[in-house]
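The exercises below go through one structure, each with a task and a worked solution. Keep the sequence and the model open while reading.

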Amino acid sequence: MRDADAVAAAIPDGATLGLPPDYSLVAMEVVRALVRRKAKDLKLVGVPVLGLCADILIGAGCVRELETSAVTLGEAGLAPRFTAAAEKKSLKIVDATCPMVHTGLQATEKGVPFMPLRGVLGSDLVKHHPDWKVIDNPYAKGDPIILAQAIQPDVALFHARWADEAGNVWVGRRKELATIAHASKSCYVTYEELKKGDMLEDEIMAPGCISSVYVTAVAPSPRGAWPLGVPGVYGIDDSHVQSYARMAKTEDGFRRYLDEFVYKTVAA
Amino acid sequence: MSYAKEELLACAVARLIGEAKHVAVGAASPIPATGAFLLKQKNPSLRISLLQKRTGNPFTEGSRELFDLAGQGRIDVFFLGGAQIDGEANINLVEAEGKRFPGSFGSAFMYFTAGKTILFREEHSPRVLVKKVDYVSAPGWSAPEVVRRGGPVALLTGKALFSWQKDKRRFRLESVHPGSNAEDVKANTAFEYDAPARVPETAAPSAEEISLLRGPVLKVIAENYPDFARRVWAERSSVSG
């Protein structure tokens with residue numbers, strides 16, 4: 001694909017998007033492009049939590065529903081547009097806990113309808129979550145255990161350090177991205193740089209790759225994770241995230257942020 | 001010797017961790033991390049996994065690895081906080097009185113699977129230490145048929161240290177930090193708890209602990225929590241944060 005805007009155009013309104021946390025290669029330029037194309041009714045699945053990308057999409061009115069274990073701007077504090085929407089009850093929020101999200105995606109990876117997990121019982125999350133069930137362990141007596149229903153996002157969306165000519169992408173140790181890619185019906189990846197050849201032929205590179213089997217399309221997007229980071233290339237722009245957190249405290253401030261950093265398409 | 005409140009709390013954390021092989025510390029927890037690294041000075045084989053480490057992060061299997069480790073019993077000590085914590089050690093990270101918080105993160109799993117959980121919240125007020133949480137992100141105790149490896153062992157706040165009495169499902173006030181007293185703690189705690197007739201004062205950091213904190217511990221904390229290190233130690237140490 002040509003660029004981040006082409007990726008945003010390929011993601012239909014109403015789609016369920018599997019997205020990584022702020023520390024794990026977020027395709028921020030596509031997030032901005034989704035705001036520019038006025039995407040609607042998206043459902044975001046945080047794997048396992050969400051941050052800046054979700055806050056911007058929520059503030060811009062692109063989101064109908066959220067399933068996540070948290071929304072946070074980390075050191076910069078609460079995610080202001082998420083918090084405002086939650087307190088106004090203008091957003092459907094399905095609260096989860098991190099390993100239940102991973103487990104639901106792993107079920108889809110394996111092609112099974114659910115997977116069990118320890119813990120969680122007695123949490124109010126269980127009462128409110130529509131897709132979790134508690135059963136008796138069929139291998140033991142009197143042992144209640146929780147099941148995560150398989151989670152299958154329509155679209156996996158993230159950023160990569162490299163893509164290659166064979167359509168593979170390299171994300172290094174960020175293996176939650178592999179889990180999202182494996183479990184989703186389609187997968188769009190923006191990348192910093194294109195590598196010649198096929199990274200799977202390289203024994204050192206291959207373990208950090210997601211194979212093109214899972215990748216629908218890639219698009220170049222240098223500094224496409226900004227103001228978040230790509231480990232080893234550029235770090236999180238903490239002062240920008242802090243200034244976002246301040247501006248987005250009010251609806252007006254958030255609009256000014258969009259005018260300055262989303263509609264103008266400038267990256268630092 | 002004068003010391004910072006954070007140094008006192010870090011020393012309390014180190015004592016609470018006690019015998020452990022592997023401690024995991026979540027995001028935005030500089031005081032638990034400081035306590036863990038203080039303990040590591042005395043027990044060099046202690047493994048400390050800092051979840052928020054941006055470079056040289058301890059995990060290579062993505063964010064699920066922490067939970068897989070805990071699920072297998074490979075995490076001995078973890079820390080949890082809460083927008084609200086109640087007298088039955090339930091924690092709430094979701095919502096209270098119309099206010100929304102970030103969410104439960106991995107608490108509903110880690111509270112069960114880590115060997116010990118130390119509850120840590122600096123703010124000690126009736127707003128935080130409530131009679132009953134508005135939302136149970138993770139329960140403090142479970143029915144006997146529920147498989148549960150671990151649970152709370154203590155609650156450390158900016159005013160006091162409570163131990164958790166599993167059999168009685170109640171906290172017990174163990175000590176009060178300098179600057180507070182038993183009446184102040186009672187006035188600022190909305191749940192009921194047990195207390196000895198005379199409540200001891202939380203032990204002050206020893207000269208040895210202070211020199212470790214301001215030497216090797218500061219060095220590693222400054223790398224990971226630069227703002228915190230500057231705030232606590234800028235004027236207390238010759239090593240710059």
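**Exercise 1. Which residues of α3(A) are buried?**

Solution. Begin with the ground rules. This is a predicted model, in which local features need pLDDT of at least 70, side-chain atom pairs count only at pLDDT 80 or more, and totals for chains, interfaces and linings use all residues. Residues are numbered from 1 along each chain as its sequence is written, while chains are lettered from A and ligands numbered from 1 in the order in which they are written.

Step 1. Fix the terms. Helices (H or I, at least four residues) and strands (E, at least two) are DSSP runs, numbered from the N terminus. A residue is buried if 20 or more other C-beta atoms lie within 10 Å of its own, exposed if 12 or fewer, and partly exposed in between, with C-beta atoms placed from the backbone.

Step 2. Read off the list: A:L52, A:C53, A:A54, A:D55, A:I56, A:L57, A:I58 and A:G59.

Step 3. Draw the conclusion. Helix α3 of chain A spans residues 52–59, and eight of its eight residues are buried, so the helix is largely enclosed by the rest of the structure. After α3(A) comes A:G61, with a positive phi near 80 degrees.

**Exercise 2. Describe the surroundings of A:L57.**

Solution. Step 1. A:L57 is in helix α3 of chain A. It has 24 other C-beta atoms within 10 Å and is therefore buried.

Step 2. Leaving out residues up to four places away in sequence, A:L57 touches A:V31, A:L34, A:V35, A:L42, A:L44, A:C62 and A:V63. Contact here means that the C-beta atoms, placed from the backbone, of two residues lie within 7 Å.

Step 3. For a distance, take A:E201, 144 residues from A:L57 along the chain: their C-alpha atoms are separated by 38 Å.

**Exercise 3. Work out how α5(A) packs against α7(A), and against strands.**

Solution. Step 1. Helix α5 (residues 98–110) and helix α7 (residues 175–183) of chain A pack at an angle of about 50 degrees, with axes 8 Å apart. Axes are lines fitted to C-alpha atoms, for helices over the stretch in contact, and angles run from 0 to 180 degrees between N-to-C directions.

Step 2. α5(A) and α7(A) are therefore oblique to each other; angles under 35 degrees count as roughly parallel, over 145 as roughly antiparallel, 65 to 115 as roughly perpendicular and the rest as oblique.

Step 3. The residues in contact are A:H102, A:L105, A:Q106, A:T108 and A:E109 of α5(A) and A:T179, A:I180, A:H182 and A:A183 of α7(A).

Step 4. Turn to the strands. α5(A) lies across β5, β6 and β7 of chain A and runs at about 145 degrees to β5(A). In chain A there is an open sheet of three strands in the order β5-β7-β6, with antiparallel pairing. Its edge strands are β5 (114–117) and β6 (132–136), each pairing on one side only. Two strands pair if DSSP finds at least two bridges between them. Four bridges link β5(A) and β7(A), and A:M115 stands opposite A:A148.

**Exercise 4. Trace the pairing of β8(B).**

Solution. Step 1. Strand β8 (residues 116–121) of chain B is mostly covered, with five of its six residues buried.

Step 2. Strand β3 (residues 77–80) of chain B runs parallel to β8(B), joined by four bridges; B:V77 stands opposite B:K116.

Step 3. Strand β10 (residues 151–157) of chain B also pairs with β8(B) in the parallel sense, over six bridges. Here B:F120 stands opposite B:L156.

**Exercise 5. How many residues does the contact take from chain B and from chain A?**

Solution. Step 1. The contact takes 34 residues from chain B and 38 residues from chain A.

Step 2. On the side of chain B that touches chain A, the elements giving two or more residues are α3 (65–72), β7 (99–100) and α4 (107–113) of chain B. The largest share, five residues, comes from α4(B).

Step 3. By class, this side of chain B has 15 nonpolar, 13 polar and six charged residues. Ala, Val, Leu, Ile, Met, Phe, Trp, Tyr, Cys and Pro count as nonpolar, Asp, Glu, Lys and Arg as charged, and the others, Gly among them, as polar.
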